[in-house]
Amino acid sequence: RFFGDISFPLYMTHYPFTHLIYFFVKEHHVTLTCADKVLVSVGFYAFALALACAAKRFWADPVVRRFK
């Protein structure tokens, strides 16, 4: 149920940050070791999950309540 509830906010919030990270790495020619890639990925997804939870609580839930 939890992941079903945050699926749209997770999609909505992770997409722009995925591109920001990609373009930052590409523009600055950052080279990462395998361990660094794992750490960046885990940190990114933890951040995206937290941001999706916040978006659901402070944006999606109030909108649903308003139009119910």
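The bend at a residue is the angle between axes fitted to the seven residues ending there and the seven starting there. Keep that definition at hand for two stops on this tour, which runs through a predicted model.

**Stop 1: helix α3**

Select residues 34-66, which make up α3. This helix has 33 residues, and the distance from its first C-alpha to its last is 46 Å, close to the 48 Å expected at 1.5 Å a residue. Now centre the view on K56, where α3 has a kink of about 40 degrees.

Keep K56 selected and add F44, A48, A52, A55 and A60: together these are the buried residues of α3. Buried here stands for a relative accessible area under 20%.

Next pick S41, also in helix α3. S41 has a relative accessible area of 35%, so it is classed as partly exposed. Draw a distance from its C-alpha to that of V63: the two residues are 22 apart along the chain, and the separation is 31 Å.

**Stop 2: the loop and H29**

Move to H29, in the loop between α2 and α3. H29 is not a glycine, yet its phi is positive, at about 50 degrees. The residue comes just after α2. With the surface shown, is H29 buried or exposed? Its relative accessibility is 67%, so H29 counts as exposed.

**Stop 3: helix α2**

Select residues 7-27 for α2. At 1.5 Å a residue, the 21 residues of this helix should span 30 Å, and its end C-alpha atoms are indeed 30 Å apart. The helix nevertheless has a kink of about 25 degrees at H14. The proline P16 follows shortly after that kink.

Go to F8, another residue of helix α2. Its relative accessible area is 49%, so F8 is partly exposed. Then link F8 to A50 by their C-alpha atoms: they are 42 residues apart in sequence and 13 Å apart in space.

**Stop 4: aromatic pairs**

Show the rings of Phe, Tyr and Trp, which pair if their centres lie within 6.5 Å. How many aromatic pairs does this rule give? The count comes to 5. Two of them are worth displaying here.

Among these pairs is Y11 with Y15, at 6.1 Å centre to centre. The planes are 35 degrees apart, and the pair is tilted. The two residues are 4 apart in helix α2, so about one helical turn separates them. An α-helix has 3.6 residues a turn, so residues three or four places apart point the same way. Colour the pair by accessibility: Y11 is partly exposed, with a relative accessible area of 49%, and Y15 is partly exposed too, at 45%.

The next pair to select is Y22 and F23, with 5.2 Å between the ring centres. This pair is edge-to-face, with 65 degrees between the planes. The cut-off for that label is over 60 degrees. Y22 counts as partly exposed at 45% relative accessibility, and F23 does so at 49%.

**Stop 5: the largest pocket**

Leave Y22 selected, since the residue is also part of the lining of the largest pocket. To complete the lining, add T18, I21, V25, L32, K37, V40, S41, F44 and Y45. The elements that give two or more residues to this lining are α2 and α3. Which element gives the most? That is α3, with 5 residues.

Rolling a probe the size of a water molecule over the atoms shows where empty space is left. The volume of the largest pocket is about 200 Å³. Colour its lining by residue class to see 7 nonpolar, 2 polar and 1 charged residues.

Two residues of the lining were selected at the first stop: S41, which is partly exposed, and F44, which is one of the buried residues of α3.

How values were computed. Residues numbered from 1 in each chain as written. Predicted model: local features only at pLDDT ≥ 70, side-chain atom pairs only at ≥ 80, totals over all residues. Heavy atoms only, no water. 1 Å grid on protein atoms, 1.4 Å probe; cavity = no way out; pocket = protein on both sides within 12 Å on 5 of 7 lines; lining within 4 Å. Points joined across faces, edges and corners; volume = space filled by probe spheres on them. Nonpolar A, V, L, I, M, F, W, Y, C, P; charged D, E, K, R; others polar. Phe/Tyr/Trp six-rings, centres within 6.5 Å; stacked < 30°, edge-to-face > 60°. Buried < 20%, exposed > 50% of the residue type's maximum accessible area, 1.4 Å probe, protein only. Expected span 1.5 Å × (residues − 1).
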